[in-house]
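Here is a short tour of one protein model. Look at the sequence and the fold first, then read on.

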Amino acid sequence: MNAKLQALQDAIVGGNIPQLVMNAVSYAIDGRASDIHIEPLQNTIQIRYRIDGALQRIVEYPPNIHPAVVSRIKIMANLKIDEQRIPQDGRAQVTTQDGRELDLRVSSLPTVNGEKIVMRLQDRSKEIPSFDKLGISGNALKYFEQALSLPNGILLTTGPTGSGKTTTLYAALQTLNKPNVNILTIEDPVEIQMDGLNQSQVHPDIDYTFAFGLRTSLRQDPDIIMVGEIRDRETVDVAIEASLTGHLVLSTIHTNSAVETLTRILNMGVPAFLMTATINAIMAQRLVRRLCDKCKKPMQVDPQTLELVNTAMSHLHPDEPHDAEKLKAMQFYGPGGGDCPQCNGVGYLGRVGLFEVLKMNNQIREMILKNANVMEIQDIAMKTGMVTLEQAGILKALEGITSLEEVYSVARPESA
C-alpha cells in the first residue's frame with residue numbers, strides 16, 4: 001500500500017485532524033488529482049479524488065470527526081466556522097511536507113447529512129505544457145499559431161468547465177512572452193503566476209469586473225491582453241474595441257463548438273461586420289483520458305460506431321496530416337486495466353486535448369455577413385481546413401493515444 005495512503009488512514013484511526021487534512025491533500029497531489037471531495041453520506045464520510053476527470057473513492061472516516069475536519073479546512077480558507085447553513089467559498093495556500101506550494105480553492109455546501117467540502121488543487125510548481133504536450137497538432141496547430149502571430153484581433157478558446165481552456169491560453173502566453181511586449185491578464189482567479197506577465201485578479205464584489213479590468217488595462221499600454229472569460233455584452237464590446245485599436249486579445253467563452261461561438265456572440269448583440277473584422281480564430285477543446293501504454297489492447301468496434309467513424313473521416317480535409325495506412329486498417333484500442341501497476345487498474349493514465357480550430361477567412365466572413373446558419377458555416381469551415389473535435393479524436397484513437405469511447409463521451413458525432 002502507498003505510504004501516503006497509509007499515513008492518511010493512520011491519521012483517521014488516530015483522530016489527528018490536521019494530519020488527516022494535510023495527508024489527504026498530499027496524497028491527492030501524488031495521485032494527480034484535480035479536486036478532493038469530502039462527502040457526508042448517511043453513516044459515513046467518504047473522500048473521493050477526481051483523477052483524469054473521473055471520481056475515484058479513496059477512503060472513508062466516521063461521522064463523529066467530520067465537524068472537526070470541516071472546521072480545520074474552514075480555518076485554512078478563512079471561512080466562518082459557525083456558519084453551516086449557507087455555502088461558502090474561500091482560498092488557502094498550503095506547503096506540503098515535501099515542499100510543494102499549492103493553492104486550494106475551497107467550497108463548502110450544506111447537505112442533509114452535513115457539510116460537503118470540495119477542494120480544487122492548483123499546483124503552483126506545475127510546468128506549463130507545450131502545444132505538443134497539450135495535444136494540439138495538424139491544421140489546428142497551424143491555424144492557432146497563425147492567429148497568435150497576428151499583431152491584433154481576438155482569439156477565443158471555448159469548451160465546458162474543466163476542459164483546459166485556461167491552460168491552453170497560458171501555453172499561448174508562454175510563446176508570446178518576450179521582453180519587447182507588454183502582456184496584461186485579467187483573471188478570476190490568477191491560476192498560474194508567470195514571470196514577465198502583469199497579472200491582475202478581478203473582484204466583482206467591489207465592481208472590479210472583467211469589463212472594467214479590460215477597459216482599465218487599455219491605459220496600461222499593453223500589446224497583448226488575456227481576459228479570463230467573456231460572459232456578457234460589455235466585456236465583448238471592450239474586447240472588440242481593444243482589438244480594433246491594435247491589441248491582440250485572448251479569452252475564453254462557454255459554447256459547444258467553434259462555429260456555435262459565432263452565433264453566441266451575434267446573440268450577445270454584436271454586429272456581424274464587427275465580428276468578422278476582429279475575430280482571428282476560435283478554438284474549441286475537450287479533454288479525454290490517455291490510454292495507459294502498459295496495458296492498452298486492440299478493440300473490436302461495433303458496426304454503429306464504425307459507421308460514425310467512416311462518416312466523420314470521409315469529410316476529413318486532405319491537408320490534415322494523418323497516417324493513411326492506419327486510417328485504412330481502422331484498428332482502435334481500449335483500456336486493459338486488470339492489475340496494471342502503472343495505472344492502478346484504471347486503464348487510463350493522464351489526459352490529452354482534442355482541438356478544433358476555426359480560422360476566420362473571407363469565405364466564412366461572407367457567410368456570417370449573409371446571416372448563414374451554423375450548419376452552412378460548419379460546412380464551409382470544414383471545406384477550408386477545419387478539423388472537428390470528432391475527427392481530431394478519431395485520429396488520436398487511431399494512434400492508440402485514447403479510445404473511441406472517450407472520444408464520443410465528449411465529441412458530438414457529425415451524423416447525429
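Tyr-208 is buried, with a relative accessible area of 18%. Buried means under 20% relative accessible area, exposed means over 50%, and partly exposed is in between (1.4 Å probe, protein chains only). The model is predicted, so local features need pLDDT of at least 70 and side-chain atom pairs count only at pLDDT 80 or more, while totals for chains, interfaces and linings use all residues. Residues are numbered from 1 along each chain as its sequence is written, and side-chain values use heavy atoms, with hydrogens and water left out.

**Aromatic rings**

How many aromatic pairs does the structure hold? There are three. Rings of Phe, Tyr and Trp (its six-membered ring) pair if their centres lie within 6.5 Å; planes under 30 degrees apart count as stacked, over 60 as edge-to-face, and the rest as tilted. One of the pairs is Tyr-27 with Tyr-49, which is tilted: the centres are 5.9 Å apart and the planes make 55 degrees. Tyr-27 lies in helix 2 (residues 17-30) and Tyr-49 in strand 2, so the pair ties together parts that are 22 residues apart in sequence. Both Tyr-27 and Tyr-49 are buried. Helices (H or I, at least four residues) and strands (E, at least two) are DSSP runs, numbered from the N terminus.

Tyr-208 pairs with Phe-212; their ring centres are 6.1 Å apart and their planes stand at 90 degrees, so the pair is edge-to-face. Phe-212 is partly exposed, at 45% relative accessible area.

A charge also sits over a ring. Lys-296 lies over the face of Tyr-333, 5.7 Å from the ring centre. The rule here: NZ of Lys or CZ of Arg within 6 Å of the ring centre and within 35 degrees of the ring normal.

**The seven-stranded sheet**

Strands of a sheet pair through backbone hydrogen bonds, either parallel or antiparallel. Two strands count as paired if DSSP finds at least two bridges between them. One open sheet has seven strands in the order 9-8-10-11-7-12-15, with mixed pairing. Its edges are strand 9 (197-201) and strand 15 (348-359), each pairing on one side only. Neighbouring strands are turned by 20 degrees against each other on average, direction ignored.

Helix 8 (residues 233-244) packs on this sheet and touches strand 7 (153-158), strand 10 (224-227) and strand 11 (248-253). Its direction makes about 140 degrees with that of strand 7. Helix 9 (residues 258-267) packs on the sheet as well, touching strand 7, strand 11, strand 12 (279-291) and strand 15. Here the angle with strand 12 is about 135 degrees. Such axes are lines fitted to C-alpha atoms, for helices over the stretch in contact, and angles run from 0 to 180 degrees between N-to-C directions. Contact means heavy atoms within 4.5 Å.

Thr-261 sits in helix 9. Is Thr-261 buried or exposed? Thr-261 counts as buried, at 0% relative accessibility. Leaving aside neighbours within four places in sequence, Thr-261 is in contact with Leu-156, Thr-158, Ile-253, Thr-255 and Ile-282.

At one edge, strand 8 (residues 183-187) and strand 9 run parallel over five bridges. Ile-186 has Ser-200 as its bridge partner in strand 9. The loop between strand 8 and strand 9 holds Pro-189. A cis peptide bond joins Asp-188 to Pro-189, with omega about -10 degrees.

**Hairpins and positive phi**

Strand 4 (residues 88-95) and strand 5 (residues 101-111) pair in the antiparallel sense over eight bridges. Strand 5 also pairs with strand 6 (residues 114-123), antiparallel, over 10 bridges. Strand 5 and strand 6 form a hairpin with two residues between them.

Most residues other than glycine have a negative phi, and most peptide bonds are trans. The table lists some residues with positive phi.

| Residue | Phi | Place |
|---|---|---|
| Asp-52 | about 55 degrees | loop between strand 2 (45-51) and strand 3 (54-61) |
| Asn-78 | near 55 degrees | loop between helix 3 (66-76) and strand 4 |
| Gly-99 | near 80 degrees | hairpin of strand 4 and strand 5 |
| Gly-400 | near 80 degrees | follows helix 15 |

Asp-52 is buried at 10% relative accessible area, whereas Asn-78 is exposed at 69%.

**Nonpolar cores**

A nonpolar core is a set of buried Ala, Val, Leu, Ile, Met, Phe, Trp, Tyr and Cys residues joined through side-chain atoms within 4.5 Å. The largest has 60 residues, and Leu-262, Leu-358, Ile-364 and Ile-394 have the most contacts inside it. Helix 15 (residues 389-398) gives the largest share of this core, six residues. In helix 15, 10 of its 10 residues are buried. Apart from this core lies another of 36 residues, among them Leu-8, Ile-38, Val-70 and Ala-77.
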